[in-house]
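Visitor: I've got a structure open and would like to learn how to read it. Could you walk me through it, feature by feature?

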Amino acid sequence: MALLLSAFDHRLALAQTATRRQQQQGAAQVDRTRLEVIEDLSESLANALLELSVATRDRDFERTAEFLPARLTAGKFPARPLPVKPSVKWIGTRAWTVDAPGQTADAQRVNVSARNGSPKATADGVVDAVAVVNAASASAVAPALSVVGKEDFLRDWTQFLAHFSEIEDSRFKVKDATFDEDAKAVLGAEVPTAVPGARGQARIAFYVIGRNRDGQREWARGVTNVVVRAGENGRWQFEQFALASLDSLVALTDLFSEVAVPAGVANSIPAYGTQGNGGFVWHGAAAADFNRDGWLDLFVTSAKKNFLYLNDGKGKFRDAGEETGASLLATGTSPLVLDYDNDGDSDVFISAVGQQILLENRLAPDGRLEFQDASSESGIGATSGIGFSAVAGDVNNDGFLDIYVASYNRYGQVTPDSWFRATNGTPDLLFINQGNGTFREEAAKWGVADSRWGYAAEFADVNGDGKIDLYVANDFGEKAMYINRGDKFVDEARERGVLDPGNGMGVSFGDYNNDGLLDLHATNMSSTAGNRILSRLFPNSSAKDNVLKKLAAGNNLYENLGGGKFKDVTAEVGGFSGGWAWGGGFIDFDNDGWEDIFTPNGFISGKSMKDT
């Protein structure tokens, strides 16, 4: 899948593709050789900042000091938090200020001048002009830049981090960068490496997430314009650090806490690539009341077996996989709960690489919770695929649930024939329920044997005609909006305004604006490195008119205008960068009647995080 490319390989592939398409899409003319050097330098800086991220998270100030020269041009870091102001529902904001005797917060301003995205110092090391810190409408900002010692800067940074009683994560990201003409990268290096003395300017976004000293969850986020130089110690060092913005979001109420261990559902697996975890597929979970006691239970797949966690109604679960037979039966990628035989209990379909799996819950007919493998007798097991997920719906309105499987391909063994219009995935599957406990695979007959590397799908009646339609998120192919015509589906994604070439990882329907119409959220990958490269190649284009920028842009939100027509409102409602995004979608987090959006993300990471 797209995610299995290393960041470096994906960056090169994107650059090569982009270069080939320069003339067609009006790209700026670039020196290919110099572009690759600049990207090697940018990636080298990005990798170094990941190490700084770890040092910040661990409060390793000795290691942090390696990124600072003996003296640098910087302002006093605003390490004193101002009071939290309520902002949106259960979220507050706070600004930060410096401890400046004799000055009020209102009097403290950032004296920062930016030229080509980075500040310029005068001969005496002081930077002129004005840029105001974005501090959630507060007026707290940083003082003028001047030459300071490493120890002084590090003291302010240490004081800033002391505000957090616990740091869960920290990250520094290169948003854009330029380098001096004589800056060079080490040719043929295994990982991008700068030649000592290489110098450049960059805009860096950073954040620190954790709990503050009042026990509240807090996300401090900032942007800084820096001048960097590759030091003899192998580190990129900040010669200049000009803060452009800094504020915090503060959770006034804790909505969620991680309770997997005390709840009894924690499970550890070997690190990816080690013995016991070398596959290219992932696994999932589904919730349902399997024993009909009024409490939601969990069915979880894994590389080796299934888990069935039964809810005791007191906040704890126990694994009943063995006693119910669930852990002894075949497992796969993603479980789907449905009552396929209409007997009133919850059965489980499991998409899989190879034969698909159907497990029948015998609670209704036998009076006890037990699962039996019905794959063969139902006809489900007769069809193979690279099933990554599945969804159920009654496509022919006969009162029985049918099953659609998003089928991928063996990435790593098979290369997509296009980054955004691939057709060499395996065909998606549609199992039509015959009403007698058996199914027929009829994807081709219904026009939905999509082979664009399917990842996720969802049924919904988008046009209000009483027939469920189907939206399919493809990884390397454009997404599909299949409109149900009664005896077949017709792809009308373009006509309905939801044709999306992003690397699709999830789909969800929900009514985000409470107008009674189902809106659509599509989960896509986004890439900081990709956006950085494409901004150099296509400085005057956007994700709306450049497919390559769309591939790096992230999630989409489509508003239903009625009659099954949609409008892309992503830009006006908010940015939805998802990183290495998966699944997710609509959920009302705080029970206020308005649908929120959740996007889980993340991928394989080594100790240095350089392979993400």
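Visitor: Which residues have the most contacts inside the largest nonpolar core?

Guide: Keep in mind that this is a predicted model. A nonpolar core is a set of buried nonpolar residues joined through side-chain atoms within 4.5 Å. Here the largest one has 45 residues, and Leu 41, Phe 160, Trp 236, Phe 238 and Phe 241 have the most contacts inside it.

Visitor: Which elements give two or more residues to this core?

Guide: Two of the helices on that list are α3 (32-57) and α5 (150-162). The strands are β1 (71-74), β8 (164-179), β9 (199-212), β10 (217-230) and β11 (236-251). Helix α3 gives the largest share, eight residues.

Visitor: Let me zoom in on one residue. What is Phe 241 in contact with, leaving aside its neighbours within four places in sequence?

Guide: Start with the run Leu 72, Thr 73, Ala 74 and Gly 75, then add Phe 77. Phe 241 is also in contact with Leu 145 and Phe 153, and with Thr 224, Asn 225 and Val 226. Apart from this core lies another, of 16 residues, among them Val 391, Val 395, Ile 432 and Phe 489.

Visitor: Now for empty space. How many cavities of 30 Å³ or more does the structure hold?

Guide: The general idea first: rolling a probe the size of a water molecule over the atoms shows where empty space is left. This structure holds four such cavities. Take the second largest, with about 100 Å³ of space.

Visitor: Which residues line the second largest cavity?

Guide: You'll recognise Phe 238 and Phe 241 in the lining, from the list of residues with the most contacts in the largest core. Leu 52, Thr 56, Thr 64, Phe 67, Leu 68, Phe 153, Trp 157 and Phe 172 line it too. The elements that give two or more residues to this lining are α3, α5 and β11.

Visitor: On to sheets. In what order do the strands of the four-stranded open sheet run?

Guide: The order is β29-β30-β31-β32, with antiparallel pairing. β29 (504-510) and β32 (565-568) are the edge strands; each has a single partner, so one side of each is left without a neighbour in the sheet. On average, neighbouring strands here are turned by 25° against each other, direction ignored. For a closer look, β29 pairs with β30 (residues 519-524) over six bridges, and Gly 510 has Asp 519 as its bridge partner.

Visitor: And which strands stand at the edges of the five-stranded sheet?

Guide: That open sheet runs β18-β21-β22-β23-β24, again antiparallel. Its edges are β18 (353-355) and β24 (439-441). The average turn between neighbouring strands is 40°, direction ignored. Further in, β22 (residues 402-407) and β23 (residues 429-433) pair over three bridges, and Tyr 404 stands opposite Leu 430. As a reading tip, side chains in a regular strand alternate between the two faces of the sheet.

Visitor: Last one: why is strand β25 described as largely enclosed by the rest of the structure?

Guide: Count buried residues, meaning those under 20% relative accessible area. In β25 (residues 454-460), six of the seven are buried, so the strand is largely enclosed. β25 pairs antiparallel with β26 (residues 469-474) over six bridges, with Ala 473 as the partner of Ala 456. Helix α11 (residues 528-537) can be read that way too: seven of its ten residues are buried, so the rest of the structure largely encloses it. Those buried residues include Arg 532 and Arg 536, along with Ile 533, Leu 534 and Leu 537.

Key:
Residues numbered from 1 in each chain as written. Predicted model: local features only at pLDDT ≥ 70, side-chain atom pairs only at ≥ 80, totals over all residues. Heavy atoms only, no water. Pairing = 2+ DSSP bridges. Axes fitted to C-alpha atoms, helices over the stretch in contact; angles between N-to-C directions. Buried < 20%, exposed > 50% of the residue type's maximum accessible area, 1.4 Å probe, protein only. Contact = heavy atoms within 4.5 Å. 1 Å grid on protein atoms, 1.4 Å probe; cavity = no way out; pocket = protein on both sides within 12 Å on 5 of 7 lines; lining within 4 Å. Points joined across faces, edges and corners; volume = space filled by probe spheres on them.
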